[in-house]
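Please open the structure in your viewer and keep the sequence panel visible. The tour below proposes one selection after another and states what is to be found at each stop.

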Amino acid sequence: MTALSDRTIREELAAGRIVIEPLTDGAIQPASVDLRLDRSILVFRNNRVPYVDLRSMNERLTEEVVIGDDDPFMLHPGEFVLGSTLEHVEVPADLVARLEGKSSLGRVGLLIHSTAGYVDPGWKGRLTLELSNVSNLPITLYHRMKIGQISFLRLSTPAERLYGSAELGSKYQGQHDPTPSRGHLDFGERP
């Protein structure tokens with residue numbers, strides 16, 4: 001796989017093969033594109049649910065909090081929440097994308113994904129962020145702040161089955177807001 005440079009990213013955006021909307025001025029970096037935080041945050045409410053059962057997700061597990069224009073969301077030490085990118089992203093069949101945190105945020109203890117940094121060919125939607133604070137101090141999160149960066153790698157050949165294909169059982173295609181785990185759907189496939 002070959003990583004795309006800023007020039008190639010611009011070409012792919014102009015051709016409509018990569019979609020990032022809205023795309024702000026200055027978002028394109030040497031080999032990535034900056035993404036921003038949207039308003040909606042899903043907060044885990046462990047006072048309502050005593051544990052997470054991966055076979056049957058409880059709708060009461062999370063509660064939505066909406067970030068105001070100038071009011072920060074306070075992410076406390078050890079806290080884990082779900083957010084999403086402000087930008088809608090689409091990845092063509094011959095590319096795969098990687099979502100990573102900004103180094104400035106990592107240096108204060110903010111992680112933007114636990115395991116979901118990989119974006120498959122065929123993906124369409126806003127990306128859910130797995131935000132956690134590994135520092136000893138609260139971290140403020142603001143609507144529209146730069147939260148991460150996405151880079152693109154070219155595959156040796158286009159993927160035959162794209163994310164979102166019916167036979168793959170893709171659970172998150174087209175998501176618009178932070179989306180809690182749909183892992184419980186995997187348990188319906190028992191022999």
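Begin by selecting Val33 and Ile150: within β13, Ile150 is the bridge partner of Val33. Please bear in mind throughout that this is a predicted model.

**First stop: strand β13 and its partners**

Extend the selection to residues 33-36, which form strand β3; this strand runs antiparallel to β13 and is joined to it by 4 bridges. Next, add residues 95-101, the strand β8. Strand β8 also pairs with β13 in the antiparallel sense, over 7 bridges. Which residue of β13 is the bridge partner of Leu99? It is Ile150, the residue that also partners Val33.

Now move to the start of the chain and select residues 2-3, which make up strand β1. Two antiparallel strands meet here, since 2 bridges join β1 to β13, residues 146-154. Display Thr2 together with Arg154 of β13, for these two residues stand opposite one another.

**Second stop: the nonpolar core**

Keep Ile150 selected and add Leu37, Leu131, Leu141, Ile147 and Phe152. These six residues have the most contacts inside the largest nonpolar core, which has 36 residues. As a general background, nonpolar side chains tend to be buried together in soluble globular proteins.

Centre the view on Leu141. Which residues does Leu141 contact, once its neighbours within four places in sequence are left aside? They are Leu37, Ile67, Pro72, Phe73, Leu75, Leu110 and Leu131. Of these contacts, Leu37 and Leu131 also appear among the core residues with the most contacts.

**Third stop: strand β11 and its partners**

Select residues 124-133, the strand β11. Is this strand mostly covered or mostly uncovered? Strand β11 is mostly covered, with 9 of its 10 residues buried.

Add β7, residues 80-90. Strands β7 and β11 pair in the antiparallel sense over 8 bridges. To see one of the paired positions, display Gly83 with its bridge partner Leu129 in β11. Then add β9, residues 110-111, which pairs with β11 in the antiparallel sense over 2 bridges. Here, Leu111 has Ser132 of β11 as its bridge partner.

Return to β7 and select Thr85, which is placed in that strand. Why does Thr85 count as buried? Its relative accessibility is 0%, and buried means under 20%. A polar atom of the Thr85 side chain lies 2.8 Å from the backbone oxygen of Glu87. Apart from neighbours within four places in sequence, Thr85 is in contact with Leu35, Arg36, Asp38, Arg126, Leu127 and Leu129.

**Fourth stop: the largest pocket**

Switch on a surface display. The largest pocket has a volume of about 560 Å³. Among its 24 lining residues, those closest to the centre are Ala116, Thr128, Glu130, Tyr172 and Gln175. The elements that give two or more residues to the lining are β7, β10 and β11. Strand β11 gives the most, with 3 residues.

**Fifth stop: His113**

Select His113, in the loop between β9 and β10, residues 118-119. With a relative accessibility of 19%, His113 counts as buried, because buried means under 20%. The side chain of His113 reaches the backbone oxygen of Leu99 at 3.1 Å. Leaving aside neighbours within four places in sequence, His113 is in contact with Arg98, Leu99, Glu100 and Glu130. Glu130 is thus a residue met twice, as one of those closest to the centre of the largest pocket and as a contact of His113.

**Sixth stop: three loops**

Select Glu21 and Pro22. The peptide bond from Glu21 to Pro22 is cis, with omega near -5°. Pro22 has its place in the loop between β2, residues 19-21, and β3.

Proceed to Arg144, in the loop between β12, residues 139-141, and β13. Phi of Arg144 is near 75°, a positive value in a residue other than glycine. Arg144 has a relative accessible area of 47% and is therefore partly exposed.

Finally, select Asp53, which is found in the loop between β4 (40-44) and β5 (62-66). Asp53 counts as partly exposed at 29% relative accessibility. To conclude, draw a distance from the C-alpha of Asp53 to that of His143: the two residues are 31 Å apart in space and 90 residues apart in sequence.

Terms used. Residues are numbered from 1 along each chain as its sequence is written. This is a predicted model: local features need pLDDT of at least 70, side-chain atom pairs count only at pLDDT 80 or more; totals for chains, interfaces and linings use all residues. Side-chain values use heavy atoms; hydrogens and water are left out. Buried means under 20% relative accessible area, exposed over 50%, partly exposed in between (1.4 Å probe, protein chains only). A polar contact is a pair of N or O atoms within 3.5 Å; within protein, one must be able to donate a hydrogen and the other to accept it, and residues adjacent in sequence count only if both atoms are side-chain atoms. Contact means heavy atoms within 4.5 Å. Two strands pair if DSSP finds at least two bridges between them. A nonpolar core is a set of buried Ala, Val, Leu, Ile, Met, Phe, Trp, Tyr and Cys residues joined through side-chain atoms within 4.5 Å. On a 1 Å grid over the protein atoms alone, a cavity is a set of points where a 1.4 Å probe fits but cannot get out, and a pocket is an open set with protein on both sides within 12 Å along at least five of seven lines; lining residues have an atom within 4 Å of a point. Grid points are joined across faces, edges and corners, and a volume is the space filled by probe spheres set on the points.
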